[in-house]
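Please open the structure in your viewer and keep the sequence panel visible beside it. The tour below proceeds by selections, each followed by a description of what is to be found there.

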Amino acid sequence: MFERMLDKSRIPTIEEMNTYCGVNGNLFEEVNDYLVEKLGTRTEIRFPYGNKYGWSITHRKQQKLICDIFAEAGALTVMLRLSNKQFEAMYGEMLSYTQDYIDNKYPCGDGGWIHYRILCQEHLYDIEKLLKVKVYGTR
């Protein structure tokens, strides 16, 4: 379940990635549109981090990595790093689902990475809040 696009032999289009997300393709489209149109990121389709991660849309603002969005069968996952201070500032406003991801983040420096699986509109609202903090800093 939630298999990623792992065929390295052909670069998928954004439309193919959207379709791959199945019932959550609209959420894949919404989060990418939010990043480009509202937060001013630029995109690149790439196969980062090794064979098990699969194809993603990487978002950057200038040279700064904002996130990678991985298309999955029936879902999508946003991979994002924030500082502990940024996570703490948003924690009380997040769904318990999101708080679990923050509580179990992969530690890195003064913060950590989350691999946030989006399965519904409420998850999208939370990830958009975290992405805004990533682009503009702590509130």
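Select tyrosine 49 in the loop between strand E1 (42-46) and strand E2 (56-61). The model is a predicted one. Tyrosine 49 has a positive phi of about 70°, although this residue is not a glycine. Is tyrosine 49 buried, partly exposed or exposed? Its relative accessible area is 38%, and because the partly exposed class lies between 20% and 50%, tyrosine 49 counts as partly exposed.

Move next to phenylalanine 2, in the segment before H1. Here, too, a residue other than glycine has a positive phi, with a value near 60°.

**Strand E2**

Now select isoleucine 57, which is placed in strand E2. With a relative accessible area of 1%, isoleucine 57 is buried. Add methionine 1 to the selection and display the C-alpha atoms of both residues. Methionine 1 and isoleucine 57 are 56 residues apart in sequence, and their C-alpha atoms are 20 Å apart in space.

**The nonpolar core**

Which residues have the most contacts inside the largest nonpolar core? Select Ile127 and Leu131, which hold that position in a core of 33 residues. Then colour the elements that give two or more residues to this core: helices H2, H3 (84-91) and H5 (121-136), together with strands E3 (64-72), E4 (75-83) and E6 (111-118). Helix H5 gives the most, with six residues. As a general background, nonpolar side chains tend to be buried together in soluble globular proteins.

**Salt bridges**

How many salt bridges does a search of the whole structure find? The search finds six, and three of the pairs are visited here.

Begin with arginine 117 and glutamate 72, whose side chains meet in a salt bridge with an N to O distance of 2.8 Å. Arginine 117 belongs to strand E6 and glutamate 72 to strand E3, so this pair ties together parts that are 45 residues apart in sequence. The two partners differ in class: glutamate 72 is buried, at 1% relative accessibility, whereas arginine 117 is partly exposed, at 22%. Add Arg4 to the selection, and a network of salt bridges linking Arg4, Glu72 and Arg117 comes into view.

Go on to arginine 81 and aspartate 110, which form a salt bridge with their closest N and O atoms 3.3 Å apart. This pair links distant parts of the chain, 29 residues apart: arginine 81 lies in strand E4, and aspartate 110 in the loop between strand E5 (106-108) and E6. Aspartate 110 is partly exposed, with a relative accessibility of 49%.

Keep both residues selected, since each leads to another stop. From arginine 81, go to glycine 112 in strand E6. The C-alpha atoms of arginine 81 and glycine 112 are 5.4 Å apart, although 31 residues separate the two along the chain. Glycine 112 is buried, with a relative accessible area of 0%.

From aspartate 110, go to lysine 85, which has its place in helix H3. These two residues are 25 residues apart along the chain, and their C-alpha atoms are separated by 8.3 Å. Lysine 85 counts as exposed, at 62% relative accessibility.

For the third pair, select aspartate 126 and lysine 129, which form a salt bridge with the closest N and O atoms 3.8 Å apart. Why are aspartate 126 and lysine 129 separated by about one helical turn? The reason is that they are three residues apart in helix H5. Aspartate 126 is buried, at 3% relative accessibility, while lysine 129 is partly exposed, with a relative accessible area of 31%.

**A patch of negative charge**

For the final stop, turn to the surface and select Glu15, Glu29, Glu30, Asp33 and Glu37, which gather in a patch of negative charge. Which element gives the largest share of this negative patch? Helix H2 (residues 25-38) does, with four residues. Glutamate 15 is found in helix H1 (residues 14-20). With a relative accessible area of 58%, glutamate 15 is exposed, because exposed residues are those over 50%.

Notes
Residues numbered from 1 in each chain as written. Predicted model: local features only at pLDDT ≥ 70, side-chain atom pairs only at ≥ 80, totals over all residues. Heavy atoms only, no water. Patch = residues over 30% accessible without salt bridge, like charges linked within 9 Å, V, L, I, M, F, W, Y side chains within 5 Å. Areas by Shrake-Rupley, 256 points an atom, 1.4 Å probe, with all protein chains shown as cover. Salt bridge = Lys/Arg side-chain N within 4 Å of Asp/Glu carboxyl O. Lys, Arg positive; Asp, Glu negative; His and termini not counted. Charge placed at Lys NZ, Arg CZ, Asp CG, Glu CD. Buried < 20%, exposed > 50% of the residue type's maximum accessible area, 1.4 Å probe, protein only. Core = buried A, V, L, I, M, F, W, Y, C linked by side-chain atoms within 4.5 Å.
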